[in-house]
Amino acid sequence: MKKVEAIIKPFKLDEVREALSNEGITGLTVSEVKGFGRQKGHTELYRGAEYVVDFLPKVKLEMVITDDKLDSCIDAISGAAKTGKIGDGKIFISSVERVIRIRTGEEGDSAI
């Protein structure tokens, strides 16, 4: 099993969720986060005063999937989230040792 974490632009969330759903991936946690990478923020003008916005709004998706769905998951996220511009985001993949469904006590792939 793998844990996939993706940081994407907020306006791409619906497209990514739909692409994942088309691949049969339905369990998903979404968090609104702020951060920056190579974008390094930007300056804005508000009521005549210029100020720096260091952290940009992003969306973080987290899901645990079976190994056989990993490639299709990555393709779905990267295909739907890509704009071709800086700040499209990143995908992080890590191994998951154990999953337990609290309600039933199921473990492993059946708990996903």
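Two strands count as paired if DSSP finds at least two bridges between them. The model used in these exercises is predicted.

**Exercise 1. The sheet**

Give the strand order of the open sheet and identify its edge strands.

*Solution.*
Step 1: Read the order. Four strands form an open sheet, arranged 2-5-1-6, and the pairing is antiparallel.
Step 2: Find the edges. Strand 2 (29-35) and strand 6 (89-95) each pair on one side only.
Step 3: Add the twist. From one strand to the next it averages 20°.
Step 4: Look at one pair. Strand 2 and strand 5 (residues 56-65) are joined in the antiparallel sense over seven bridges. Glu32 has Val59 in strand 5 as its bridge partner.

**Exercise 2. The helix pair**

Determine how helix 1 and helix 2 are oriented to each other, and which residues meet.

*Solution.*
Step 1: Take the geometry. Helix 1 (residues 13-22) packs with helix 2 (residues 70-81) at an angle of about 150°, the axes being 8 Å apart.
Step 2: Apply the cut-off. Angles over 145 degrees count as roughly antiparallel. The two helices are therefore roughly antiparallel.
Step 3: State the hand. The crossing of helix 1 and helix 2 is right-handed.
Step 4: List the contact. From helix 1, Glu15, Val16, Ala19 and Leu20 meet Cys73, Ala76, Ile77, Ala80 and Ala81 of helix 2.
Step 5: Sort these residues. Eight are nonpolar, none is polar and one is charged.

**Exercise 3. Helices on the sheet**

State which strands each helix lies across.

*Solution.*
Step 1: Helix 1 lies across strand 1 (2-8), strand 2 and strand 5, at about 10° to strand 5.
Step 2: Helix 2 lies across strand 1, strand 5 and strand 6, at about 5° to strand 1.

Key
Residues are numbered from 1 along each chain as its sequence is written. This is a predicted model: local features need pLDDT of at least 70, side-chain atom pairs count only at pLDDT 80 or more; totals for chains, interfaces and linings use all residues. Side-chain values use heavy atoms; hydrogens and water are left out. Axes are lines fitted to C-alpha atoms, for helices over the stretch in contact, and angles run from 0 to 180 degrees between N-to-C directions. Angles under 35 degrees count as roughly parallel, over 145 as roughly antiparallel, 65 to 115 as roughly perpendicular and the rest as oblique. A crossing is left-handed if the near helix is turned anticlockwise from the far one by less than a right angle, and right-handed if clockwise. Contact means heavy atoms within 4.5 Å. Ala, Val, Leu, Ile, Met, Phe, Trp, Tyr, Cys and Pro count as nonpolar, Asp, Glu, Lys and Arg as charged, and the others, Gly among them, as polar.
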